[in-house]
Every structure is written in structure tokens, then in C-alpha cells.
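Here is a short, friendly walk through the structure shown below. Keep the viewer open, as the report moves from one annotated span to the residues around a ligand and then onward.

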Amino acid sequence: MHNIRQYQLPLQKYMAMMDLQEGNERLFYKLLIDNVEELLPVVYTPTVGEACQKYGSIFSRPQGLYISLKEKGKILEVLKNWPERSIQVIVVTDGERILGLGDLGCQGMGIPVGKLALYTALGGVRPSACLPITLDVGTNNEALLNDEFYIGLRQKRATAQEYADFLHEFMTAVKQNYGEKVLIQFEDFANHNAFELLAKYGTTHLVFNDDIQGTASVVLSGLVAALKLVGGSLSEHSYLFLGAGEAGTGIAELIALEISRQTKAPIEECRKKIWLVDSKGLIVSSRKETLQHFKKPWAHEHEPVGNLLDAVKTIKPTVLIGTSGKGQTFTQEVVEAISSFNERPVIFALSNPTSQSECTAEQAYTWSKGRAVFASGSPFDPVEYDGKIYVPGQANNAYIFPGFGLGVVMSGAIRVHDDMLLAASEALAQQVTQENFDKGLTYPPFSNIRKISAHIAANVAAKAYELGLASRRPRPKDLVKYAESCMYSPLYRNYR
Ligand SMILES: O=C([O-])CC(=O)C(=O)O
Ligand SMILES: [Mg+2]
């Protein structure tokens, strides 16, 4: 830590940490686990975003497995080149939507590498059981195509049938090589592909989309906890989203599902409490014809509204959630408007990295005069406003996916079910203590994350058993203890 702290720039710390991961993996995990709050922003958002943008020019050694279009027809062979045989979790990207930074092509590799480092540090999945994969299907990022240090194929992205065939070969090869019980986490795919892949492979493979499902689970948990601060039940609130992509529609659907479970009302009814704004304004029924299919369930009866501020004023939501990938879109006017009719507005600015956050923590607290219950996707430091300290929560899927994945692999689950996402969400919300609430926090601190992950894993596994999706028999009696016993710890062996 002394060495790492000597570096001034976060990117230098990142590079030093990546060197350490390569040179002394145990020490890397020991540092990360013991200093998680300090190092998470280094190996994960926001710094990993900058690292991906500059990946070619900071490149020293390859990490993870690249599979390019050139390997079409030989993907199984390529997979067999990876030295580890017993893989439990794959995180795969095609780099088309890296955080809120757009198409970074092959340089998106930083994301699967970073996510899997958290699988191990936060969720205790053995490092050798983790496989980061980047599918190189080209990039439409002109700057990268012209960059002498770009590390990927210099061609436009494959699309349509060519893309579908390539992905199909990949999915088939993974199952053939590693069996049914390898968890495949899709990460940072563009909207259209993300929804399609999840729907297509959800019934044949053990797949999980972190941006749709992981984000949904973490945000639902934060909302349930926020209700302790603002009062009311989920169904008594109204929700407005800016951004109707993977995170926005994923969160919206999980909220609707949970409301439906709680009130026994049909899910179609529950969806009506939730409104989404995209780049063309409020999603309303008159736009239905031209909407992408994943937005259609949110096209409620309403006259057209062109922008977020007007939508806030007409819908009068109690909860405002940003998932658009664009920074500084929760303007002073927007925050003041929602604060004018809510005693305690709930404001979640979820886009990553920090540069893309819809507003900063300081802005949220200042413009709401200290009344907002605020959380963000990337970390913000505590803010002092009017003599009081406000601690923002970090509503990032990093709370969920490591424990979720551990629960899946330890129970030998063969499919992911939405109820397992609800189970993860519930377990996380239960880990928020009175002391956290007293500080205005809707998430427990990351310093306890391994204990939190064990509880999430146990609840997810319990649900998998209940649904008949778990293949590990017999079912361990105490699932929390079992989860803890499965967790990798970076200890040196004793030699005699
Ligand atoms: O990586 C993160 O910090 C959260 C996430 O999945 C995303 O923004 O795509
Ligand atoms: Mg992501």
C-alpha cells in the first residue's frame, strides 16, 4: 500500500495494481480485500474507465482471452488454449458500450478483468476459476481505428447475421468446453445485443446480464432501504427514469415485479407507476410504433413531453433515477423541481464513470438543500452542506454480482431466475444497519462486502434450491456458513 500510495494519478495506481495482479496475485487480492474502499475506485469505476480509453497506450501485458472474428470456426480451439480447465465464471464483453463511455472495441478488456477481480476479492470466487473474455468483432470508434496503439481488429463492427453466428459459436463452444454450470456474465454490450442475447440464451445457458439484472437488483435494494428514510411502500411511490436502456428498463421491470409480489396486482398495473424518459422525451403510448421493443411496456397513456424537466414537473415523481450514460443531465432546475414537491426526494445518479454521472453528490445535496436521499453509480466523497456531513451511497452492481455469482456456482444452479435477483436484492437491503441509516446511507459500506456477499450468496442459493434449479446435492444446511467456507482467501500456505 505504501508503494501504491506514492503514485499521484489514479491511472498510475491502476497500472501498478495490474502489475501486481500479474506478479503476485495473492498479494494483489490481499491488498484489495483489506483496503477495498480505497482500491475499488482504482481497479474499478471510475479509473477502469480511463484505463479502457487509454488501454492501447498503457498496454504492457495481455490479460484475459481475446476471441476475434478471425477465429470464427475455431472458437472451441481458442478456448482450449486458456491454461485453466475448471472455470466457474466468465465475464464477456464485445466492448460496444463500456460504462457510459461508448464503443471502446477491444480496449473494453479492462472491464471483464476488473469485474472478475471483484468476483474474487468481494465474492471469494477462486481467481483461477475466473475467465475474462473480450470478443473482438471490430469497432465503430473512428478515433480508435486511427490510433496507432489500438490493440484490436481495424474494421467496422460485425452486425446482423454475422454477429449472431459468431456469438452463437461462442456460446456453444463455452458450453461444450466447460459444461452447463459455468456462469456467463454479459457485460457492457450495446442495448440491442444485450437484450437479445439475454432472451436468446436465458433458456439454454446459465447467463446473467450485469447491466440489466445486476444493476436492477442493487437499485431495488437501495430503494427498499431508502423507504426506511422517506417512508411509504414501493407501490406508494412514483418513479421517473432518465435513460431507457439496459439499466433503466431492467431496474424498472424489477421494481414492477417486486410491487406486483407485494400487492398481488398484475405486473402491467404495477408498471404504470414507472415512467421513462429517453432522448426523445417521455415514453408515451403515441410513440409506441417507433419504440424499440424493450421500451414498449413503458409507453403509458400521456400527452407527449419533450424533456426531463417538463417530465419531472408533470409526473411529479418521488424517485428520480439516471441511467442514460450522459453526465450533468440532472440540472439545478431538475433537482430543484423534484425537491419542490418532495420532502425527501430520492435521487439516484447511476451513470458511470464519475464524468458521466447525472449530477455530483455535492450538487444533489446543495440543490435539494440537504434533503435528497442520494446514491450514485461511481463513488463520491462525503459532502459538507450547511455544517452537516452527507455520505452518498454507491448504487453499483458491484454490491450484487460477486455474491450473486457465488450463490449460483456454490449451489450448482443451471439457470438464473428473476426471483434469484429479488433474493439478492433483499439480502443486500437486510445488511444496511441502523448506524448506516442514521448517516443517510442506503447501502452498507464496502468494507464489509465479503460478509455481505456471503449473505447474498446464501439467499440466492436458497432461492435456487427452492425453485429446483440447484444441482448441488445435498443442500447444505447453513448456507451462509457454506458460502463462507467456499470463499477464496489470499493466504500463503505453511510449508514444513
Ligand atoms: O461497471 C460499473 O461500474 C457498473 C456497470 O456495470 C456499468 O456502468 O456498466
Ligand atoms: Mg457494466
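## The N-terminal annotated span

In this predicted model, residues 21–202 are 45% helix and 11% strand, and the C-alpha atoms at the two ends of the span lie 33 Å apart. An unreviewed UniProt entry labels these residues "domain: Malic enzyme N-terminal".

A second label from an unreviewed UniProt entry, "domain: Malic enzyme NAD-binding", is placed at residues 212–465. Over that stretch the chain is 44% helix and 12% strand, with end C-alpha atoms 23 Å apart.

## Two assigned domains

Separately from those labels, the domain assignment gives domain 1 (2–205) and domain 2 (213–397). Their C-alpha centres are 29 Å apart. Where they meet, 9 residues of domain 1 are in contact with 14 residues of domain 2. On the domain 1 side, H10 supplies the largest share, with 3 residues. That side is made up of 5 nonpolar and 4 polar residues, and no charged ones.

## Around ligand 1

Which residues surround ligand 1? They are Thr45, Leu99, Asp188, Asp210, Asp211, Asn352, Gly377, Asn396 and Asn397. By class, the shell holds 1 nonpolar, 5 polar and 3 charged residues. Domain 1 (2–205) and domain 2 (213–397) each contribute at least three residues to this shell.

## The annotated binding site

The unreviewed UniProt entry places the feature "binding site" at Glu187, Asp188 and Asp211. These positions are spread over 25 residues of sequence, yet they cluster in space, with a largest C-alpha distance of 6.8 Å. Asp188 and Asp211 are also among the residues around ligand 1.

Glutamate 187 sits in the loop between strand E4 (183–186) and helix H10 (191–201). Is glutamate 187 buried or exposed? Glutamate 187 counts as buried because it has 29 C-beta neighbours inside 10 Å, where 20 or more are needed. Beyond residues up to four places away in sequence, glutamate 187 touches Val91, Val92, Thr93, Ile111, Pro112, Lys115, Asp210 and Asp211.

Aspartate 211 belongs to helix H11 (residues 210–230). Aspartate 211 is buried too, because its C-beta neighbours inside 10 Å number 23. Leaving aside neighbours within four places in sequence, the contacts of aspartate 211 are Glu187, Asp188, Ala194, Glu246 and Ala247.

## The nonpolar core

In soluble globular proteins, nonpolar side chains tend to be buried together. Here the largest nonpolar core has 161 residues, and those with the most contacts inside it are Val43, Val89, Ile255, Ile347, Ala424 and Val460. This core draws at least three residues from each of domain 1 (2–205) and domain 2 (213–397).

Isoleucine 255 offers a view into that core. Apart from neighbours within four places in sequence, isoleucine 255 is in contact with Leu220, Leu223, Leu234, Tyr239 and Ile274. Isoleucine 274 lies in strand E7 (residues 274–278) and counts as buried because 26 C-beta neighbours fall inside 10 Å. Not counting residues up to four places away in sequence, isoleucine 274 touches Tyr239, Ala252, Ile255, Ala256 and Trp298. Tyr239 therefore appears in the contact lists of both isoleucine 255 and isoleucine 274, given the 7 Å C-beta cut-off. The C-alpha atoms of isoleucine 274 and tyrosine 495 are separated by 59 Å, with their positions 221 residues apart along the chain.

## Helix H17 and the segment after H21

How many of the 11 residues of helix H17 (residues 401–411) are buried? The count is 11 of 11, and the helix is described as mostly covered. Among the buried residues of H17 are Phe401, Phe404, Leu406, Val408, Val409 and Met410. Just after H17, glycine 412 takes a positive phi of about 65 degrees.

Further along, tyrosine 488 lies in the segment after helix H21 (479–486). Tyrosine 488 counts as buried because it has 20 C-beta neighbours inside 10 Å. Setting aside neighbours within four places in sequence, tyrosine 488 is in contact with Thr120, Gly124, Val125, Arg126 and Pro127. Tyrosine 488 and glutamate 84 are 404 residues apart in sequence, while their C-alpha atoms are 16 Å apart in space.

Methods:
Residues are numbered from 1 along each chain as its sequence is written. Chains are lettered from A and ligands numbered from 1 in the order in which they are written. This is a predicted model: local features need pLDDT of at least 70, side-chain atom pairs count only at pLDDT 80 or more; totals for chains, interfaces and linings use all residues. A residue is near a molecule or strand if its C-beta atom, placed from the backbone, lies within 6 Å of it. Ala, Val, Leu, Ile, Met, Phe, Trp, Tyr, Cys and Pro count as nonpolar, Asp, Glu, Lys and Arg as charged, and the others, Gly among them, as polar. Domain bounds come from an automatic or database domain assignment. UniProt positions are given in the numbering used here, feature names are shortened, and annotations may be inferred rather than shown by experiment. Helices (H or I, at least four residues) and strands (E, at least two) are DSSP runs, numbered from the N terminus. A nonpolar core is a set of buried Ala, Val, Leu, Ile, Met, Phe, Trp, Tyr and Cys residues joined through C-beta atoms within 7 Å. A residue is buried if 20 or more other C-beta atoms lie within 10 Å of its own, exposed if 12 or fewer, and partly exposed in between; C-beta atoms are placed from the backbone. Two residues are in contact if their C-beta atoms, placed from the backbone, lie within 7 Å.
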